[in-house]
Amino acid sequence: MSDRPELGDWNDPAGLAAIQDARLPHTLAAAARSPFYRARGGVPADRAGLAAMPLTTKADLRGAYPFGMLAVDRRRVATYHESSGTTGTPTSSYYTEQDWLDLAERYARKWVGIRDDDTFLVRTPYALMITGHLAQAAARMRGATVVPADNRSTAMPYARVVRVLHDLDVTLTWSMPTDTLLWAAAAHAAGRTPGRDFPALRALFVGGEPLGAAKRARIAHTWNATVVEEYGATECGSLAGECPAGRLHLWADRAIFEVRDPATGRTTPAGRGHLVVTPLYREAMPLLRYDTEDLAEVSDAPCPCGWALPTVRVLGRGGAVHRVAGTAVTQGDLEELVLALPGVLFWRARALPDRLVVELEADRDTADALVPAIRARYGVPAQVTALPPGALVPRALLTAAPDVVKPRALFGPDEDWAKALSYY
């Protein structure tokens, strides 16, 4: 029987803290075997000592590349991964088979369930990153059929995604939120209606970028399916999942979470700031007080779901805040304004020192409505341009066939032999 806790094993914050305290000595013992923490002078013996430890930063992980954090015999490492490098040099992470049980269980905690009669399209990267493998492991653990559809592979353009979604009666998907809007546009380009012509689809699991209420509503309405948010990181796996009440809960039975105020450096159990995590079930790469640099709001307020776990609102990477006329602007907040406009799927913006410049695929009236919304939200000038459909996401991208996936050198007289170079 597993010693890992499951939802329902505690009823209140005190019970949750008891679970954390019972596991923490094992976590600290594992960290004591890490060359990184030994070089720091060792690890503390208890929770009070942990709270006094310096944070583990992304710079620390980069400095320890590739195996400076390894706390087990190299032969026990099952998989090696690297982060996407969105905010800088990618960071390494590695997991044992035992680590993978914890990873898969956390991801599989979807309130809509993952069942053995599900067909699950995994549309996140498989190469080096953990996200695709994580979803696949969780789905296989629950007996579902997995359709691997890596979103960074030329073998799986949007038109092919739409085809398999329809023809295979896919019931669940895992992707970034924006990807589901691209599928919707590709479905329309293929002559299908997303909310009508994919009746088997019951839920879309999304993560990897901020998901505001407006974007969630746009996706759910477009596909006529439930949207379930997931939050995690390559260095830690799934960190939070959504409950039936629609709130994102931190998996605080499997990790200890803190919030660091980037201005003062002070950490608290709740509030707004960088999310700091100490995973409790890591063998290969223990992390103590790891600063994810993700900007988040954590709350201990009760939730109707009864899970008795803190809730979190992920606002994005800490470095993704831009200042316009002295006002801080984040992509997540701005997207709430843009996607609240009727029919808008695609947009982009540039934060200039004196104004926001926004382009969106929409008619002129819709675009004009964004200017006062930005002024009311941020109090800054905005220049908004309406673009025709296809200006930001070309139709050719939505209808393209799979590109060259194997090397080829010999072509017929009427074939494009430039494709001989495409593979490379």
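What is the volume of the second largest pocket? In this predicted model, the second largest pocket has a volume of about 560 Å³.

**View 1. Lining of the second largest pocket.** The second largest pocket is lined by 26 residues. Leu16, Gln20, Pro269, Asp300 and Pro310 are the closest of these to the pocket centre. Two helices and two strands each give two or more residues to the lining: helix H1 (13-31), helix H3 (47-52), strand E10 (255-260) and strand E11 (267-268). H1 supplies the largest share, 4 residues. Sorted by class, the lining holds 16 nonpolar, 6 polar and 4 charged residues.

**View 2. The hairpin of strands E15 and E16.** Strand E15 covers residues 321-324 and strand E16 covers residues 327-330. The two strands run antiparallel and are joined by 4 bridges. Val324 stands opposite Thr327 of E16. Between E15 and E16 the hairpin has 2 residues. Ala325 lies in this turn and has a positive phi of about 50 degrees.

**View 3. Cys303 and Cys305.** The structure contains 0 disulfides. Cys303 is in no disulfide, and the cysteine sulfur nearest to that of Cys303 belongs to Cys305, 3.5 Å away. Why is there no bond between the sulfurs of Cys305 and Cys303? The sulfur of Cys305 has its closest cysteine sulfur in Cys303, and the 3.5 Å between them is too far for a bond, because a disulfide requires the two sulfur atoms to be within 2.5 Å. Cys303 counts as buried because its relative accessibility is 15%, under the 20% cut-off. Cys305, at 23% relative accessibility, counts as partly exposed.

**View 4. Helix H5.** Helix H5 spans residues 97-107 and is mostly covered, with 8 of its 11 residues buried. The buried residues are Asp99, Trp100, Asp102, Leu103, Ala104, Glu105, Arg106 and Tyr107. Among them are the charged residues Asp99, Asp102, Glu105 and Arg106, as well as the nonpolar residues Trp100, Leu103, Ala104 and Tyr107.

**View 5. Surroundings of Thr119 in strand E3.** Thr119 is part of strand E3, which covers residues 119-122. With a relative accessibility of 16%, Thr119 counts as buried. Leaving out residues up to four places away in sequence, Thr119 touches Thr145 and Val147. Under the same exclusion, Thr119 also touches Leu168, Asp169, Val170, Thr171 and Leu172.

Note on methods. Residues are numbered from 1 along each chain as its sequence is written. This is a predicted model: local features need pLDDT of at least 70, side-chain atom pairs count only at pLDDT 80 or more; totals for chains, interfaces and linings use all residues. Side-chain values use heavy atoms; hydrogens and water are left out. Two strands pair if DSSP finds at least two bridges between them. Buried means under 20% relative accessible area, exposed over 50%, partly exposed in between (1.4 Å probe, protein chains only). Contact means heavy atoms within 4.5 Å. On a 1 Å grid over the protein atoms alone, a cavity is a set of points where a 1.4 Å probe fits but cannot get out, and a pocket is an open set with protein on both sides within 12 Å along at least five of seven lines; lining residues have an atom within 4 Å of a point. Grid points are joined across faces, edges and corners, and a volume is the space filled by probe spheres set on the points.
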